[in-house]
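Please look over the chain displayed below before reading on. The paragraphs that follow go from the whole chain to the sheet, and then to the helices that pack around it.

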Amino acid sequence: RNLRVYLQMQAAIPPGYRVQFGGPQGDDRPRLPDGSLPARSLAHNGSLAGPHIQDYLQALIRDLCENYPKIDGLRLDWPEYPPYFLDDVFLDFSDHAKEAAKRLGRDFNGMRREVGDLYRQLQGQLTDSDLIAWTGSERGSALLLRFLSGRAGIEEGIQFKAILTEELLQKSRKTLIEVGHSDMELIPTPFPL
């Protein structure tokens, strides 16, 4: 009937079947700049730099390809740090991320410091004029630029998380090739913006 068949799986939430029934444990959990865990989490994604998270995803891809060799593709849901809550935007400062930052030549401490400063500012140091700016005609864009101005560590932190996402997707594509399914589609499904 010319129907294409795809399987969707959580990219960074073991056991990877449904978001409500999974989540990382121990050092695989992403951290806030101060090293703490977020108070609330919807996505329950693990650290994309975590070797256990990466290994689990690659094993799941191998298993699905072996058991469903005729599917047209895999949809990886949330291969990132989906920002459902404000805290989610300020992840990942885990030990795994620190190791990845070192490997990638990134200034982890600079990112942690500047992202942490912005986090604290948004969590309790906003003024009435800051909040009023969000309701103005510019919708807070000037305020956001002021918050980000001169903070190279924030931009580097955003780029760093993008690189971690890209590496996870590249490893997944490599796994498909290794198991003989280079023609299978790999579709990342990120947080809806």
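What percentage of the 193 residues in the protein chain is made up by buried residues? In this predicted model, buried residues account for 43% of the 193 residues. The C-alpha atoms of the protein chain fill a box of roughly 60 × 40 × 30 Å when it is taken along the principal axes. Of the contacts in the protein chain with a separation of 6 or more, 74% are between residues 24 or more positions apart.

The protein chain holds seven helices and three strands, and from the N terminus on its elements follow the order β-α-β-α-α-α-α-α-α-β. In space, the three strands form an open sheet in the order 1-2-3, with parallel pairing. Strand 1 (6-10) and strand 3 (185-189) stand at the edges and each has a single partner strand, so one side of each is left without a neighbour in the sheet. From one strand to the next, the twist averages 20 degrees. Strand 2, which covers residues 73-77, is joined to strand 3 in the parallel sense over five bridges, and within this part of the sheet G73 stands opposite E185 in strand 3.

Helix 1 (residues 51-67) packs on the sheet, where it touches strand 1 and strand 2, and its direction makes about 160 degrees with that of strand 1. An angle over 145 degrees counts as roughly antiparallel, so helix 1, at about 160 degrees, is roughly antiparallel to strand 1. In the loop between strand 1 and helix 1 lies G50, a buried residue with a relative accessible area of 0%. Leaving aside residues up to four places away in sequence, G50 touches D28 and H96. G50 and D95 are 45 residues apart in sequence, while their C-alpha atoms are 8.6 Å apart in space.

Helix 7 (residues 152-178) lies across strand 2 and strand 3 and runs at about 160 degrees to strand 3. At 1.5 Å a residue, the 27 residues of helix 7 should span 39 Å, and this agrees with its end C-alpha atoms, which are 38 Å apart. Helix 7 is followed by G180, a residue whose phi is positive, near 80 degrees.

Helix 7 also packs with other helices. Two packed helices are described by the angle between their axes and the distance between the axes. Helix 3 (residues 95-103) packs with helix 7 at an angle of about 95 degrees, and their axes are 11 Å apart; this angle makes helix 3 roughly perpendicular to helix 7. On the side of helix 3 the contact is made by A97, A100, A101 and R103, and on the side of helix 7 by F160, L164 and E167. Five of the residues in this contact of helix 3 with helix 7 are nonpolar, none is polar and two are charged.

Helix 4 (residues 108-124) packs with helix 7 at an angle of about 105 degrees, with the two axes 8 Å apart, and helix 4 is thereby roughly perpendicular to helix 7. Helix 4 contributes G110, M111, E114, V115 and L118 to the contact, whereas helix 7 contributes A152, G153, I154, E156, G157 and F160. The residues of this contact of helix 4 with helix 7 divide into six nonpolar, three polar and two charged. F160 of helix 7 thus takes part in the contact with helix 3 and in the contact with helix 4.

Conventions:
Residues are numbered from 1 along each chain as its sequence is written. This is a predicted model: local features need pLDDT of at least 70, side-chain atom pairs count only at pLDDT 80 or more; totals for chains, interfaces and linings use all residues. Side-chain values use heavy atoms; hydrogens and water are left out. Two strands pair if DSSP finds at least two bridges between them. Helices (H or I, at least four residues) and strands (E, at least two) are DSSP runs, numbered from the N terminus. Axes are lines fitted to C-alpha atoms, for helices over the stretch in contact, and angles run from 0 to 180 degrees between N-to-C directions. Contact means heavy atoms within 4.5 Å. The expected span of a helix is 1.5 Å times one less than its number of residues. Buried means under 20% relative accessible area, exposed over 50%, partly exposed in between (1.4 Å probe, protein chains only). Angles under 35 degrees count as roughly parallel, over 145 as roughly antiparallel, 65 to 115 as roughly perpendicular and the rest as oblique. Ala, Val, Leu, Ile, Met, Phe, Trp, Tyr, Cys and Pro count as nonpolar, Asp, Glu, Lys and Arg as charged, and the others, Gly among them, as polar.
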